[in-house]
Amino acid sequence: MENDSGFCSDCKAYTDVVLDHRSGDTICTECGLVLEERARSDPITDNGVLTVNISNDNKKAVSSVLPRLHKTLRNPDKSLHIAFESLGVMADGLALVATIRDHAKELYKKADNRKFCRGRNCDAIMAACLFLACQEKGFPRTLKEISTVANGASRKEISRMKELLKKILEVDSKTTNVGDLSRRCCSRIGMANQDMKAVLETLNKSEEVDVRRSPQSTLAAVMYMIAQLSNDKSTRDLTLQDVSQAADVAVATTEKAYKDLYPYASRIIPNWFVKLEDLKKLCVP
């Protein structure tokens with residue numbers, strides 16, 4: 001990719017343009033109009049219309065063009081394709097597989113066909129589509145993770161768009177299973193496989209006790225419990241803050257969940273992992 005200048009028929013002026021050598025397209029950076037194109041087919045769209053490829057070097061350029069693009073671009077197919085490229089950048093930022101990326105595009109296209117995207121924050125909509133696609137394909141991500149690639153859209157905006165999309169698209173997304181998240185969260189703080197197994201079993205047993213906490217706060221509390229009882233010194237040295245950060249929850253939230261779970265430690269922590277008398281090692285809340 002390289003920058004140049006050219007005349008834009010929409011802006012009616014010479015503007016800075018982006019030249020994409022891979023696709024052969026020239027894009028106005030002011031309004032997002034594709035000034036010159038070389039079309040190729042895309043399995044997500046109809047009739048094999050234009051796809052614009054955007055390299056990682058121009059992520060910032062794409063972010064600045066998108067808000068103007070959705071207001072001024074006259075060709076809906078081209079607008080859709082550029083939105084797809086932005087979705088691709090988001091997916092790459094989270095290292096998501098192609099099946100999730102393509103499903104997110106399908107969800108966005110359905111929403112666009114129903115005129116849902118008009119007058120709304122398109123970054124939040126794309127992020128919500130990515131969130132739903134991750135859930136439906138069995139690789140859930142937290143709202144905090146999705147928001148890191150959402151071009152400034154807040155978690156509140158993304159969550160609101162997610163709920164609206166579920167209604168208009170009749171998407172029956174799976175509730176995030178805390179077990180799906182546990183391995184990834186445990187890996188962030190370097191827990192060994194045996195400790196991860198203990199976390200998962202403790203989580204499953206915690207469903208049998210009367211503790212009304214969110215799945216993620218329960219996960220954080222269980223991780224903290226298992227970390228204190230681990231045979232690995234580096235894991236035992238983990239702080240409440242370390243565990244909370246890995247699980248994407250506030251320290252105060254983890255403390256409350258830990259306080260609620262602590263009385264049930266002997267019931268929920270597997271006896272193959274630790275002896276009953278060793279539970280005294282747990283910090284008293």
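This passage describes helix packing, nonpolar cores and a few individual residues in a predicted model.

We may begin with a pair of helices. Helix H3, spanning residues 98–113, packs against helix H4, residues 122–136, at an angle of about 125°, and the two axes lie 8 Å apart. That angle makes H3 oblique to H4, and the crossing of the two helices is right-handed. On the H3 side, the contact is formed by Ile100, His103, Ala104, Leu107 and Tyr108. H4 contributes Cys122, Ile125, Met126, Cys129, Leu130, Leu132, Ala133, Cys134 and Glu136. By character, the residues of this contact comprise 12 nonpolar, 1 polar and 1 charged.

Helix H3 also holds lysine 105. Despite its charged side chain, lysine 105 is buried, because its relative accessible area of 10% falls under the 20% cut-off. The C-alpha atom of lysine 105 is separated by 9.4 Å from that of glutamate 85, a residue 20 positions away along the chain.

Turning to the interior, the largest nonpolar core contains 37 residues. Within this core, the residues touching the most other members are Met191, Val199, Met223, Met225, Leu261, Ile269 and Leu282. Two or more residues each come from helices H7 (178–188), H8 (193–206), H9 (215–229), H11 (240–246), H12 (251–261) and H13 (265–268). H9 gives the most to this core, with 10 residues. Isoleucine 269 offers a helpful view of the surroundings: leaving aside residues up to four places away in sequence, isoleucine 269 touches Thr202, Met225, Ile226, Leu229, Val274, Leu279 and Leu282. Apart from this core lies another, made of 36 residues, including Phe84, Met90, Phe116 and Leu132. In soluble globular proteins, nonpolar side chains tend to be buried together.

Two loop residues deserve a look for their backbone geometry. Alanine 95, located in the loop between helix H2 (76–93) and H3, has a positive phi of about 55° although it is not a glycine. Aspartate 248, in the loop between H11 and H12, likewise has a positive phi, near 60°, and is a residue other than glycine. As for their surroundings, alanine 95 is exposed, since its relative accessible area of 66% is over the 50% cut-off. Aspartate 248, in turn, counts as buried because its relative accessibility of 17% is under 20%.

Terms used:
Residues numbered from 1 in each chain as written. Predicted model: local features only at pLDDT ≥ 70, side-chain atom pairs only at ≥ 80, totals over all residues. Heavy atoms only, no water. Axes fitted to C-alpha atoms, helices over the stretch in contact; angles between N-to-C directions. Helix = DSSP H or I, 4+ residues; strand = E, 2+ residues; numbered from the N terminus. Parallel < 35°, antiparallel > 145°, perpendicular 65-115°, else oblique. Left-handed = near helix turned anticlockwise from the far one by under 90°. Contact = heavy atoms within 4.5 Å. Core = buried A, V, L, I, M, F, W, Y, C linked by side-chain atoms within 4.5 Å. Buried < 20%, exposed > 50% of the residue type's maximum accessible area, 1.4 Å probe, protein only.
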